[in-house]
Amino acid sequence: MFPVKSEQNSVPRTAWLKMSGSGMFEDPAIPLVGKAGPAPKTPVYDSTNDVPKEKPQELSKGMGYKLSRRKRLVKYRRLIVNVQFSLAILGLGLMVITNEMYINNVFQKESVLSISFKLMMSVSTVLLLVAVCAYHVVSVKLTMTDNNQEYWRLAVTPWMGFKIVIELLVCAIHPLPGKIVVPYEDQNGQTKEVSVDAILSILMILRLYMVGKFMVVNSRWTQDMSTQSIGALNKVQINTVFIFKALMSEKPGTMLIGIIGVLFIVNSWALRTCEAYYHPADKQSNILNAMWLISITFLTVGYGDITPNSNCGRFIAVETGFMGVGTTALLVAVMANKLQQTRAQRYVHTFISRIQLDKKHKNAAADVIKNVLMIWTKAHRNQLTPSKRLHYHSKLVDAIRMMRSTKRDMATIAETAVGIIEVSTSVNEVYNMAETITVEQKDIKTRMVSLEDKIDRICQKLEVSSDPD
């Protein structure tokens with residue numbers, strides 16, 4: 001009649017209450033989410049053996065706790081991004097100084113000063129990798145808080161893991177201490193040993209993506225919680241793409257000038273570095289010639305007076321050409337948007353065009369009537385010679401053509417002038433008209449019913465008065 005209890009499930013109910021209330025059954029395998037404190041659990045009893053089952057940890061917590069936790073995580077993430085940006089700029093600055101000193105023969109790769117600079121670069125790179133890992137840990141915690149998740153594995157998707165690996169690889173690239181050489185074959189078929197620092201230095205420029213992350217985290221759109229709430233309600237992510245589009249809408253000229261300037265400086269320096277490492281005697285190793293080559297390549301002109309000799313320089317030239325095409329497309333889009341009329345300007349232009357076309361239409365109609373009357377008058381007086389007939393007839397045809405043309409133009413303007421505002425206004429007017437008609441119909445119906453009642457009473461009185469009794 002009663003189920004047999006096993007030794008494993010022979011714990012009294014009071015003991016289960018104490019164990020669950022003390023937090024003994026908290027799941028310790030959650031490395032990313034900290035506990036605000038042991039939360040008491042209500043035991044759930046099995047209907048078959050009257051033994052309480054452990055209830056999973058509550059996934060839902062108070063709204064105040066979530067908001068405070070999210071605010072704290074966003075603050076930590078902003079701080080970590082600022083540290084990342086500082087370390088990335090520091091590493092890039094050390095890399096530029098090291099390469100410039102080597103190109104200008106200030107020191108060699110085996111010198112103590114060169115090794116010291118590269119050691120500082122390696123230390124900044126290690127700290128940057130630690131900061132990147134900390135950033136993604138905070139991002140995972142933030143995702144868990146937003147989605148009400150308890151296990152960190154649910155927040156880490158394969159795509160997120162792929163992005164973390166790629167970011168770590170990008171941030172780990174830097175020139176290593178010492179002199180590392182590889183065989184290189186130039187255009188003449190001669191093989192020589194060159195340093196790999198040029199390739200590593202150019203790949204290290206990819207750390208400039210930290211500038212975009214720094215701008216996103218410190219922008220007013222991400223710092224304002226109301227903007228985040230509005231975006232979440234409308235299922236719009238306030239991310240890098242959103243902020244880039246917003247900046248292109250607000251300050252398109254400044255953004256384009258900044259993008260073009262950064263691309264010009266970075267590509268010029270990269271091309272000069274490649275040519276100085278692999279072909280130091282050529283004229284492309286001069287910074288001014290490199291800037292000229294980047295300019296004509298960016299503008300897709302390509303005079304051909306200066307060409308890159310190294311494979312690295314050729315790759316940078318191709319990349320510059322693609323960047324020039326993309327930036328030109330952005331420039332055309334911005335110019336088209338700037339040259340487009342505003343709504344008020346379009347209304348004024350349409351109104352003036354309608355007035356002018358209406359005048360043309362009236363003048364053309366008057367010319368038609370005038371030429372018809374002239375032909376009839378001359379014909380009635382027998383003064384219509386063939387030359388005069390041809391003259392008035394041609395003017396009549398021109399007037400008719402002008403009248404039809406202005407009519408078509410007026411119809412075209414009327415069609416193109418209809419926008420969302422006009423449609424909304426028309427819909428509101430139709431709705432108000434229909435509502436007014438409905439109210440009037442109800443009023444008329446009420447009056448008709450009252451009139452019928454009065455007629456019935458009058459008829460009854462007439463019947464009573466006409467009765468002889």
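The following dialogue covers pockets and salt bridges in a predicted model.

Me: Which conventions apply to the residue numbers and to the confidence of the model?

Reply: Residues are numbered from 1 along each chain as its sequence is written. The model is predicted, with local features needing pLDDT of at least 70, side-chain atom pairs counting only at pLDDT 80 or more, and totals for chains, interfaces and linings using all residues, while side-chain values use heavy atoms and leave out hydrogens and water.

Me: What volume does the largest pocket have, and which residues lie nearest its centre?

Reply: Rolling a probe the size of a water molecule over the atoms shows where empty space is left. A pocket is an open set of points, on a 1 Å grid over the protein atoms alone, where a 1.4 Å probe fits, with protein on both sides within 12 Å along at least five of seven lines; lining residues have an atom within 4 Å of a point. Volume is the space filled by probe spheres set on the points, which are joined across faces, edges and corners. Here the largest pocket has a volume of about 1600 Å³. Its lining comprises 41 residues, with Arg 77, Leu 142, Gln 237, Ile 238 and Asn 239 nearest the centre.

Me: Which helix gives the most to the lining of the largest pocket?

Reply: Helices are DSSP runs (H or I, at least four residues), numbered from the N terminus. H3 gives the most to this lining, with eight residues.

Me: How many residues line the second largest pocket?

Reply: The second largest pocket holds about 1300 Å³ of space and is lined by 32 residues, among them Leu 208 and Met 323. H11 gives the most to this lining, with nine residues.

Me: How many salt bridges are there, and which parts of the chain does the pair Glu 100 and Arg 272 link?

Reply: A salt bridge is a side-chain nitrogen of Lys or Arg within 4 Å of a carboxyl oxygen of Asp or Glu. The count comes to nine salt bridges. In one of them, the side chains of Glu 100 and Arg 272 meet at 2.6 Å, N to O. This pair links distant parts of the chain, Glu 100 in helix H2 and Arg 272 in helix H11, 172 residues apart.

Me: Is Arg 272 buried or exposed?

Reply: Buried means under 20% relative accessible area, exposed over 50%, and partly exposed in between (1.4 Å probe, protein chains only). Arg 272 is buried because its relative accessible area is 10%, whereas Glu 100 is partly exposed at 22%.

Notes
Helix = DSSP H or I, 4+ residues; strand = E, 2+ residues; numbered from the N terminus.
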